[in-house]
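Dear colleague,

Please find below the structure I wished to pass on to you, together with its sequence. My notes on the findings follow.

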Amino acid sequence: MGGTRVIQPTNSREMEQCQSQAAGIGRLRPAQSEQNNPASPSGGINSLLQDGLSFTLLDSYEDRVVQPFPRSPKLQRKAAEQKGAQPSQEQLSRHMEELQAEQSKTEAHIKSLKKRQADLSRSTEFMKQRVQESFEKMHRILEQDEQVVLDSLELDLRRTRTQLDHILKTWDSYRDQVTKSIGNIQRVLRKMDSGEEDEKGPTEIVSPKKPSVNEKEVRLNEDRFERLLKSLFSISKNLKAYLQRKTLLLDSSPIVIDRQTCHNQITVTSEGWGISFSASPSLGPEHTLQFDKVCCALGTAPITQGQSYWEVDVRCCSAWAVGVAYASLERKGRDKGAKLGRNRNSWCVELRNKNLSAWHNDRNVACHSVGQTPPGKVGVWVNYDKGQLMFYDADTMVVLQKFSAALTPVFDRAHHQFTEPLYPAVRFLKPTDNQMWPNHLEVCCFNLP
């Protein structure tokens, strides 16, 4: 048999091992098996062993590598590294070229980042300079107006002083006349006591002088001064509100009403900013996202991160709700699950019967800081990452309501974090019976430069 090793099983255990090995040999060398025993190809390993035939074990192929497919260069390099083989000069040169190209790309990227860093500093300095120039311009305007107001007060003071000086001179002249008249009378009395005659004749009698009516009107214009103070207070208050609103407007985002969500009695303007309530429902197929019973509508773009601010003009609506909602807010039926603020999926402020209140999770608090007049515009600010939601009177920037973890006892929230994308939401409530104008809500469009 040449260099082939022959195994003769001597016991049952070796027989079992031979049987398992023969199964593999039958697959590897079917031709050889047929040559050794062409008469009985299916006799099995037992018949082969009984006939004294030999077979070759798999370990005879230890020096032969079976590779059905050629390896890729990457796998070849990996196999060489695993075996500890030294890579060839060609492989090393190619790898060095790859590393040099990667080094050039990395250096170019670092250079680009450093340039961006320098540009960022220059851009920030330029922005700060522009901001300082804007505030300096406002300071100059305020200083000029302050000087104008102070000059007007000084002019009023000089005018009043001139009038008072004229009146004072008149009274000084009258006082001199009275003093002179008193002296003449005293002189006449002394001569009468001594029996002498007065050579100067009768003494002139000075009639009493009364203050004129115009004299009481000579004073500083205090009414004008009070109006000035009220005007400055209003300007200061409005300026503070406007500056606060300016900061919020930096986070403003365009809001467009999603027509697919609108109740069939809601009409949307062409640009998608305004909605009106119609007494007659529109005809057409009902959409799966549409509110079928609650007169509500949602915005198109969801809020998923960062900060966002928008305003809704509510002056032409007597009963409304403005807020935010998850997409999971129910759309069908009149249950609380489909009404803003009556579930865990929505938040709102609403005006009903001239009473303003904030709602969430079917709980509400009154908005006491509004005063007697309801807001004309409602501002909505969302900090999605921090789970904060605030409603403003956009004209005065008075906070109507703030939703956060601090309001846990009121709204039954252990952790006030948003778990789904938020959508702007509006709702028409039942109007008063004596309302003569149509209900209309308008999302404000900010034309910021």
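Residues 47–62 have a pLDDT that stays under 50, and the model has 28 contacts beyond four places in sequence for this stretch. Please bear in mind that this is a predicted model. The average pLDDT of the protein is 80, and 74% of the residues score at least 70. Residues 22–45 also have a pLDDT below 50, and the model shows 17 contacts for this stretch beyond near neighbours in sequence.

As to the overall fold, the protein contains 8 helices and 13 strands. Of its 449 residues, 29% count as buried. Among contacts with a separation of 6 or more, 67% join residues that lie 24 or more positions apart. The exposed area of the protein is about 31,200 Å², of which carbon and sulfur atoms supply 54%.

One surface feature may interest you. A nonpolar patch is formed by Leu142, Leu150, Leu153, Phe225, Leu229, Leu232, Ile235, Leu239 and Leu243, which together have about 700 Å² of accessible area. Two or more residues of this patch come from each of α5 (89–194) and α7 (222–249). The element that gives the most is α7, with 6 residues.

Leu153, a member of the patch, is found in helix α5. Is Leu153 buried or partly exposed? Its relative accessible area is 31%, so Leu153 counts as partly exposed; the range for this class runs from 20% to 50%.

With kind regards

Conventions. Residues are numbered from 1 along each chain as its sequence is written. This is a predicted model: local features need pLDDT of at least 70, side-chain atom pairs count only at pLDDT 80 or more; totals for chains, interfaces and linings use all residues. Side-chain values use heavy atoms; hydrogens and water are left out. Helices (H or I, at least four residues) and strands (E, at least two) are DSSP runs, numbered from the N terminus. Buried means under 20% relative accessible area, exposed over 50%, partly exposed in between (1.4 Å probe, protein chains only). Contact means heavy atoms within 4.5 Å. Accessible areas come from the Shrake-Rupley method with a 1.4 Å probe; for residues, only the protein chains shown count as cover. Patches are made of residues with over 30% relative accessible area and no salt bridge: like charges are joined within 9 Å, nonpolar side chains (Val, Leu, Ile, Met, Phe, Trp, Tyr) within 5 Å. A salt bridge is a side-chain nitrogen of Lys or Arg within 4 Å of a carboxyl oxygen of Asp or Glu. pLDDT is the predictor's confidence in each residue, from 0 to 100.
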